[in-house]
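Dear colleague,

Please find below the structure that I am handing over to you. My account of what was found in it follows directly after.

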Amino acid sequence: MTESTDAAPAARRVLLKISGEALMGAGQYGVDANTVDRIAADVAAVSSSGVEVCLVVGGGNIFRGLTAAARGMDRAQGDYAGMLATVINALMVQNALEREGVPTRVMSAIHMSSIAEPYIRRRAVRHMEKGRVVIFAAGTGNPFFTTDTAAALRAAEMDCDCLLKGTQVDGVYSADPRKNPDAERYEQLTYLEVLARDLNVMDAAAISLARENRLPIIVFNIHEAGAFERVMKGEGKFTRIEEVS
């Protein structure tokens, strides 16, 4: 497959979804400081270009509620524990961004006023209008919803131009390319194609929510230094998911 060459439309405001696994780097658990610093530098570069940026961070590097439920833990309790893991990650990313000189705010869907602001939509919008990067933590605040769904929800609420998902590979494939070298890479997909082919991009609720709000999704490799900034310029490799007019 060839690299995407079409220039991306100028974006005013975007949401970047970062999985908890992405923060592990080459590790098996927790947070790799060098990886977080590199991602923060990429976010800082995009923010300094004038694009308003907000983030949703996952928590799978620390705790995954669905896995705990499979082992007998109450699903709701497991999901709440997972939400707390996202707050830890949000604080780590905030610290790295502020070392880059980027003003930030962490807003949590679960109230914990000592360390984060409560999520209020109008306040979040105002923060971004003032040039601050807003990090949304604790998912939607409800069990049974993933942070992918939270990302689609917040992107719609913030009236973002697109939702970017940083993953372990450079786009969407028909299978895991790390396990299947013959997996096909897609340059462009529709929401319905993602659902019909059961592609492992985001959960069905997130894809459906993005489709209802005509919110383009861009999938790229978060581990390539500068990839976020390149994608915002329409450069490099990525997969774009949207309705074809």
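Thr-104 is part of strand β3. In this predicted model, Thr-104 has a relative accessible area of 2% and is therefore buried. Its contacts, leaving aside neighbours within four places in sequence, are Gln-94, Leu-97, Glu-98 and Val-133. Thr-104 and Ile-135 are separated by 31 residues in sequence, while their C-alpha atoms are 7.4 Å apart in space.

Ser-108 also belongs to strand β3. With 1% relative accessibility, Ser-108 is counted as buried. Leaving aside neighbours within four places in sequence, Ser-108 is in contact with Val-87, Ala-116, Glu-117, Pro-118, Tyr-119, Ala-137 and Ala-138. Strand β3 spans residues 104-108 and pairs in the parallel sense with strand β5, residues 133-137, over 5 bridges. Within this pairing, Met-107 has Phe-136 of β5 as its bridge partner.

Confidence and extent

The pLDDT of the protein chain averages 92, and 96% of the residues score at least 70. Over residues 1-9, however, the pLDDT is below 50; this stretch has 21 contacts in the model beyond near neighbours in sequence. An unreviewed UniProt entry carries the annotation "domain: Aspartate/glutamate/uridylate kinase" for residues 13-221. Over residues 13-221 the chain is 39% helix and 20% strand, and the C-alpha atoms at the two ends are 20 Å apart.

The sheet

In what order do the strands of the open sheet stand? The sheet has 9 strands, in the order β4-β3-β5-β2-β1-β6-β10-β11-β9, and the pairing is mixed. At the edges stand β4 (117-118) and β9 (188-189); each has a single partner strand, so one side of each is left without a neighbour in the sheet. As general background, strands of a sheet pair through backbone hydrogen bonds, either parallel or antiparallel.

Strand β1 deserves separate mention. All 6 of the 6 residues of β1 are buried, so this strand is largely enclosed by the rest of the structure. Arg-13, Leu-15 and Lys-17 point one way from β1, whereas Val-14, Leu-16 and Ile-18 point the other way. β1 pairs with β2 in the parallel sense over 6 bridges, and Ile-18 has Val-57 of β2 as its bridge partner. Between β1 and β2 the chain passes through helix α1 (residues 33-48), and this β-α-β crossover is right-handed. β1 also pairs with β6 in the parallel sense, over 5 bridges; here Leu-16 stands opposite Leu-164 of β6.

Helix α5

Across which strands does helix α5 lie? The helix, residues 147-157, lies across β1 (13-18), β2 (52-57), β5 and β6 (162-167), and runs at about 175° to β1. Of the 11 residues of α5, 8 are buried, so the helix is largely enclosed by the rest of the structure. These buried residues are Thr-147, Asp-148, Thr-149, Ala-150, Ala-151, Ala-152, Arg-154 and Ala-155. Their cover includes β1, β2, α3 (75-99), β5, β6 and α7 (204-212).

Annotated binding site

The unreviewed UniProt entry also gives a "binding site" annotation, which covers Lys-17, Ile-18, Ser-19, Gly-20, Gly-60, Arg-64, Thr-167, Gln-168, Tyr-173 and Asp-176. These positions are spread over 160 residues of sequence and are also spread in space, with up to 23.9 Å between C-alpha atoms. Two of the annotated positions, Gly-20 and Tyr-173, are described below.

Gly-20 sits in the loop between β1 and α1. Its relative accessibility is 1%, so Gly-20 counts as buried. Neighbours within four places in sequence aside, Gly-20 is in contact with Gly-58, Gly-59, Gly-60, Asn-61 and Asn-89. Among these contacts, Gly-60 is itself covered by the "binding site" annotation in the UniProt entry.

Tyr-173 lies in strand β7, residues 172-173. Is Tyr-173 buried or exposed? With a relative accessible area of 17%, Tyr-173 is buried, as the cut-off for that class is under 20%. Not counting residues up to four places away in sequence, Tyr-173 touches Ala-183, Glu-184, Arg-185, Tyr-186 and Leu-199.

With kind regards

Methods: Residues numbered from 1 in each chain as written. Predicted model: local features only at pLDDT ≥ 70, side-chain atom pairs only at ≥ 80, totals over all residues. Heavy atoms only, no water. pLDDT = per-residue confidence, 0-100. Contact = heavy atoms within 4.5 Å. UniProt positions renumbered as here; feature names shortened; annotations may be inferred. Helix = DSSP H or I, 4+ residues; strand = E, 2+ residues; numbered from the N terminus. Pairing = 2+ DSSP bridges. Axes fitted to C-alpha atoms, helices over the stretch in contact; angles between N-to-C directions. Buried < 20%, exposed > 50% of the residue type's maximum accessible area, 1.4 Å probe, protein only. Right-handed = clockwise from strand over helix to strand, strands pointing away.
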